[in-house]
Structure formats: structure tokens, C-alpha cells
Amino acid sequence: MTNYKCSSVGVIGAGIQGVCIGLQLAKKGIPVTIFDKKDPGSMSSYGNAGHFSPYAVVQLNRPDVISDVPKMLLSSYGPLALKWNYIPKMIPWIFHYLKSSTSKSMMHTAKYMHQILDLSLNAYDEILEEIDTTNLVERKGIIYIWTNKNLKSRNLEIKIRNQLGIKQKLLSQKEILDLEPNLNPVFDGGVIYDYAYHARDPKGITKKLFELFIKYGGKFNKNEVIEIEQNKVNQTLVKTHSSNYNFEKIVLACGAFSKKLTDKLGEKIPLDTERGYHIHYKKMDHLLKRPVIFLDRGFGMTPMNQGLRAVGTVELGGLDNPISKKRIDYIDKCAKELLPQLGDYQDEWLGFRPTLPDFLPIIGPSLKNKNIIYAFGHHHLGWTLGAITGKIVSGIINEEKTNLDLSPYSSARFN
Ligand SMILES: Cc1cc2nc3c(=O)[nH]c(=O)nc-3n(C[C@H](O)[C@H](O)[C@H](O)COP(=O)(O)OP(=O)(O)OC[C@H]3O[C@@H](n4cnc5c(N)ncnc54)[C@H](O)[C@@H]3O)c2cc1C
């Protein structure tokens, strides 16, 4: 006999959120279908830097970043860029962002990112032990490096992490070079999170978790969803170009694309995207043992199966603008600053971080349609937060009690 509280669920989106949510629901025995126009793990959940980073509580909504923005924008060799044609469309996002960048909001975000990040590795370990992760996951920690030029910002981050009880080990330049001897010593110091780990192939992991979802009885429908609605008290509708499907509940997990469907539901949610890029240096992954992130440059490198993946920058420019060659050149230049032995790169890739202006995700029921559950807006941390989001959302659907305070993740904060 089944004891679940929901008869059927449609999950829209087969990125890491959708797959982990589908998997947790299927494990509870709840009939679930994931919809995606692409193969699982094809968008941001493919091209990210692969960090499982539970320590990363301090986000970009902070006073010191706001005061640095004009300087960063004026420099063509900086981690932040704009597509000017998109800025008028981003005004609501920018308005909320400025409002959310006080010291108080920064600490609110840090506290509630910490609440879920702190559970993120255990949630992954539970599902990773059900798949073969050989050559997919490497547990060697993650290093951040910096110069002494921006020590005020670094000290702020260190202080907040200390306040929240997050384990961090500061390193001198020499200690970093002992761990990563190939690095060019253009930095002054850094920090290692030795309990963090990284993916050598984020898409490969998503694919294996998706296969596990199918093994537990989940279904996949490869179609674009054009509309969702709650048409009765306990019935929702998923519309694709060819058919309509009824479920008791729907989960919306389309990452940066979720706004297209929330707009149609009549909810004003200021979701936008921070565009990020990657390139690969094939057969160069042996140059680093673990991910290294250069904070002054807003970029990092991760040893992966496809090669050494150089990833980074934040570009505000929406979902439709073309790839920026200048951003790619910037990443290439940064990579060669740290590893001058690198040659030509391959695979220019542009991805879309789904970002709310206060840098907290939205996890919880829609305000107007209680049977539609939102799970998007995980910005720079969506890879890390996949497994825990799966647990939280499946718990909401199955009406389970939780000790977590989920109110900060509600879309009510924008209404
Ligand atoms: C450059 C870069 C580096 C990053 N590095 C890291 C990192 O190291 N660690 C970390 O934790 N996070 C990282 N992130 C963030 C992380 O990748 C994202 O937050 C995460 O992948 C978002 O997952 P998602 O499932 O919400 O969205 P996505 O992976 O984008 O998936 C959304 C899915 O929805 C589907 N979809 C969209 N619209 C529809 C529709 N109408 N109908 C059907 N399907 C639809 C898409 O096809 C897609 O498959 C990085 C992101 C970028 C861009």
C-alpha cells in the first residue's frame, strides 16, 4: 500500500534541479514525469564549473561589490560586463538588486544560503552512492586564490564565514604552490575548503541520476512546455505544442527560463540571468589537481574529463544575445596568466545562471496556484544545491514536516 500524499507530479525542466526533484519523488513512489525540450543536463547543468561548494554563502549582493561596479564596467579586462541593449529590460532586476545590497540583506542572504548549503553535501552523498561515480567525482577540496589588492572584500568574506561557523583554511602563496605547483605565482594567498569536492563531468552525473530516476519508475517527455496552469483545486495542466497533460501538482524547474512560464501565470518575479562562459584546454587537466578560482579575476579552472575547463565572468545581457567573443578572450587571458603553458582552447560555451536580485532561490508554492511548486533561481550555486533542493521540494509535495525555515525562499518576497 502506498502512503504518499500526491497522486501525480509533472516536473518541468531536466537540469540538475528537475532531475534531483524527480528522483526524490520517484523514490517515494509518487508517479512523476519530467518534461524537457532537450536531453537531461544540457544547459547550465552541463557547462558549469562543477564545484560542490557548501561554503559559498556570501553572494554578489553586498555593499563592497556595488561600490566596485563602475570600476569593473569601465575596465575591458574585468569580471563583469553588460550587453547595453539589454539593460532597459533589466531595470526591475537592477532596482531589486540595489535594494538587496545593504549589509543587512547581504547577511540575510548569507544566513539562508548557509541553511541549505550546509545540507547540500550530505544530500548529494545519499544519491551519489546509488550510482557509479568513477571518474565523475573527485574529492580533493577547492582552492580560492587572491592578490592583496582586494583584501577588504576577502576579509569580509572570511569574517562572515567565521560567524556562520564555516570551516576554512587560509593558505600562504607557498602553501598553495605546494598543493598546485604548476600555478604562476601572480597571487598572494588564498583559502582551501578541503571537504569540498568537484565534478569531472557535470552532465555525466546528471545523466546517471536521470537513469536512476527512470529505474525508480520516473517517466520522461521530451517536449517544450508552452504553458502551465492550475485548472481545478487538485488538478494542474501542462501544455506542450502537441498535447495537454493533467497532474495533481507541477514543479517548475526551468532555471533561467522559468520566467517565461511564471509571467504567463501572472506573477511578477524578477528572475534574470547572469551569463557565464567556459572554454576547454584539451588534455591539460593534469595541470591542476583540484579547482582553483582566482577571485580578483572572477574566473576559475576545474580539471575535468573534457580537459581543463576555464569558467567564469558575469555578463548581464539576457537569454537571447549572442556569445561575446571578448568574454571568451578574457577567460583565455586569465587562464594563461595562471598557467602560461596552456595552448589553444576549444569549445566556446555560454550558459545562463538563473539569478534573483537578492541571490536566494525561489523554492515553494506559487502564490496564486498552490499546486504549482517553484524550484529555480539557484544562481552561482545551482549545481551544489541540486540534491538538497530535490529533498526539500519532494518533502513539500509529500506534505512532510521540516525543521527548515523555508519562508525566505518564497516568491512572496517580491510581491
Ligand atoms: C559558467 C557557470 C559556472 C557555474 N559553476 C557552478 C559551480 O561550480 N557550482 C555550482 O553550484 N553552480 C554553478 N553554476 C550554476 C549552476 O550551473 C546553475 O545554477 C544550475 O545548473 C541551474 O540548474 P537548473 O536545473 O535550475 O537549470 P538548467 O540546468 O539550466 O536546466 C533547466 C532546464 O529546463 C529546460 N527548459 C527550459 N524551458 C523549458 C520549457 N519551456 N519546457 C521544457 N523544458 C524547458 C532546459 O532545456 C533545461 O534543461 C554555474 C553556472 C554557470 C553558467
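Trainee: What makes a residue one of the 40 that surround the ligand?

Mentor: A residue is near the molecule if its C-beta atom, placed from the backbone, lies within 6 Å of it; 40 residues surround the ligand, and the closest are Gly 15, Gly 255, Gly 276, Gly 351 and Gly 382. This is a predicted model, in which local features need pLDDT of at least 70 and side-chain atom pairs count only at pLDDT 80 or more, while totals for chains, interfaces and linings use all residues. Residues are numbered from 1 along each chain as its sequence is written.

Trainee: Why is the ligand said to lie between domain 1 and domain 2?

Mentor: The bounds, which come from an automatic or database domain assignment, give domain 1 as 9–46 + 204–267 + 359–414 and domain 2 as 54–200 + 271–355. Both domains give residues to the shell around the ligand, so the ligand lies between them.

Trainee: Which helices and strands each supply at least two residues of that shell?

Mentor: They are helix H1 (16–27), helix H2 (44–47), strand E15 (272–281) and strand E19 (346–355), where helices (H or I, at least four residues) and strands (E, at least two) are DSSP runs, numbered from the N terminus.

Trainee: How many residues of domain 1 are in contact with domain 2?

Mentor: Two residues are in contact if their C-beta atoms, placed from the backbone, lie within 7 Å, and by that criterion 29 residues of domain 1 are in contact with 29 residues of domain 2. On the side of domain 1 that touches domain 2, helix H8 (202–215), helix H9 (258–264) and helix H11 (386–397) give two or more residues, and the largest share, 5 residues, comes from H8.
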